[in-house]
Amino acid sequence: AFDTCDGERVAKIEAVNVVTAAEAWSRKQAAGRRVLMIDVRELQEVERTGIEAGVDAVVPWVRVAEPFEWDTERANPKVEIQPHFTALVRAWVAVLGGDATTPLILVCRDGQRAHMAAIALMDAGHREVLVVHGGTDGYVDADGTRHGGWKPAGLPWIAQVDAALIY
């Protein structure tokens, strides 16, 4: 669904609400479990780099492709969109006491996967989905300037991920 950049896709991307990392942290701190924060990075990333403080669940947007194939360009296994992503998020939200009206904050490394995941969740009926601008690391534009990001903002970071947070 996201292989081409047609008008419908552009409209959906523009409909995603973006918040700064500081806004996400502040909102999460104030609301607790009334706002759920979900990290959508690959499990290997989360295990290797750690996680944002306040994350309620890790539900990867992508998974290792089946059948297994090596991506020489990325020097990693090829990945594909997690086919049960929205169902997994819906299950986590229910376990955490929420429903389709519970605001979600999504975060990934630079914001791209979180945007696609947000669109899928909104298409599945979730009402309020926010994406952290620049994800965990921020993104670097063409002239080398870093924008956004949880870690560049100096927000709390946990090196060791609690396995209970992982789907």
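Two strands count as paired if DSSP finds at least two bridges between them. Keep that rule at hand for these exercises, which explore a predicted model.

## Exercise 1: Follow the partners of isoleucine 105

**Task.** Find which residue stands opposite isoleucine 105 in β10, and which methionine stands opposite isoleucine 105 in β9.

**Solution.**

Step 1. Start at strand β9, which covers residues 104-107.

Step 2. Look towards strand β2, residues 36-39: β2 and β9 pair in the parallel sense over 4 bridges. Here methionine 37 stands opposite isoleucine 105. Another pair along these strands is isoleucine 38 with its bridge partner, leucine 106 of β9.

Step 3. Now look towards strand β10, residues 129-132, which pairs with β9 in the parallel sense over 3 bridges. On this side, isoleucine 105 stands opposite leucine 130.

## Exercise 2: Put the sheet together

**Task.** Work out the order of the 5 strands in the open sheet, then say which strands stand at the edges.

**Solution.**

Step 1. You already have β2 paired with β9, and β9 paired with β10.

Step 2. Add β4: 2 bridges join β2 to β4, and these strands run parallel. Aspartate 39 stands opposite valine 58 in β4.

Step 3. The full order is β1-β10-β9-β2-β4, an open sheet with parallel pairing. The edges are β1 (17-19) and β4 (57-58); each has a single partner strand, so one side of each is left without a neighbour in the sheet.

## Exercise 3: Check both faces of two strands

**Task.** For strands β9 and β2, decide which side chains point which way, and whether they are buried or exposed.

**Solution.**

Step 1. A residue is buried if its relative accessible area is under 20%.

Step 2. In β9, Leu104 and Leu106 lie on one side, with Ile105 and Val107 on the other. All four residues are buried, and both faces of the strand are covered.

Step 3. In β2, Leu36 and Ile38 point one way while Met37 and Asp39 point the other way. These residues are all buried too.

## Exercise 4: Sort residues by exposure

**Task.** Place aspartate 56, glutamate 66, alanine 75 and alanine 163 into the classes buried, partly exposed and exposed.

**Solution.**

Step 1. Take the cut-offs: under 20% is buried, over 50% is exposed, and values in between are partly exposed.

Step 2. Aspartate 56 sits in the loop between β3 (51-52) and β4. Its relative accessible area is 5%, so aspartate 56 is buried. Leaving aside residues up to four places away in sequence, aspartate 56 touches several others, including Lys28, Arg33, Met37 and Trp92.

Step 3. Glutamate 66 belongs to the loop between β5 (62-64) and β6 (70-71). With 57% relative accessibility, glutamate 66 is exposed.

Step 4. Alanine 75 lies in the loop between β6 and β7 (76-77). Its value is 48%, so alanine 75 counts as partly exposed.

Step 5. Alanine 163 is in the segment after β13 (157-158). At 59%, alanine 163 is exposed.

## Exercise 5: Spot the backbone details

**Task.** Find which peptide bond is cis, and what the phi of alanine 75 is near.

**Solution.**

Step 1. Go to the loop between β5 and β6, where you will find proline 67. The peptide bond from glutamate 66 to proline 67 is cis, and its omega is near 0°.

Step 2. Move on to alanine 75. Phi here is near 55°, a positive value in a residue other than glycine.

## Exercise 6: Step back to the whole chain

**Task.** Compare the radius of gyration of the protein chain with that of a compact globule, then gather some totals for the chain.

**Solution.**

Step 1. A compact globule of 167 residues would have a radius of gyration near 15 Å; the chain has 15 Å, which agrees.

Step 2. Along the principal axes, the C-alpha atoms fill a box of roughly 45 × 35 × 35 Å. Within the chain, the C-alpha atoms of glutamate 66 and glycine 154 are separated by 37 Å.

Step 3. The chain has 5 helices and 13 strands, and buried residues make up 44% of the 167 residues.

Step 4. Finish with the charges: there are 17 positive and 24 negative side chains, and the centres of the two sets lie 4 Å apart.

Notes. Residues are numbered from 1 along each chain as its sequence is written. This is a predicted model: local features need pLDDT of at least 70, side-chain atom pairs count only at pLDDT 80 or more; totals for chains, interfaces and linings use all residues. Side-chain values use heavy atoms; hydrogens and water are left out. The radius of gyration is taken over C-alpha atoms; the globule rule is 2.2 Å times the number of residues to the power 0.38. Buried means under 20% relative accessible area, exposed over 50%, partly exposed in between (1.4 Å probe, protein chains only). Lys and Arg count as positive and Asp and Glu as negative; His and the chain ends are not counted. The place of a charge is taken as NZ of Lys, CZ of Arg, CG of Asp or CD of Glu. Contact means heavy atoms within 4.5 Å.
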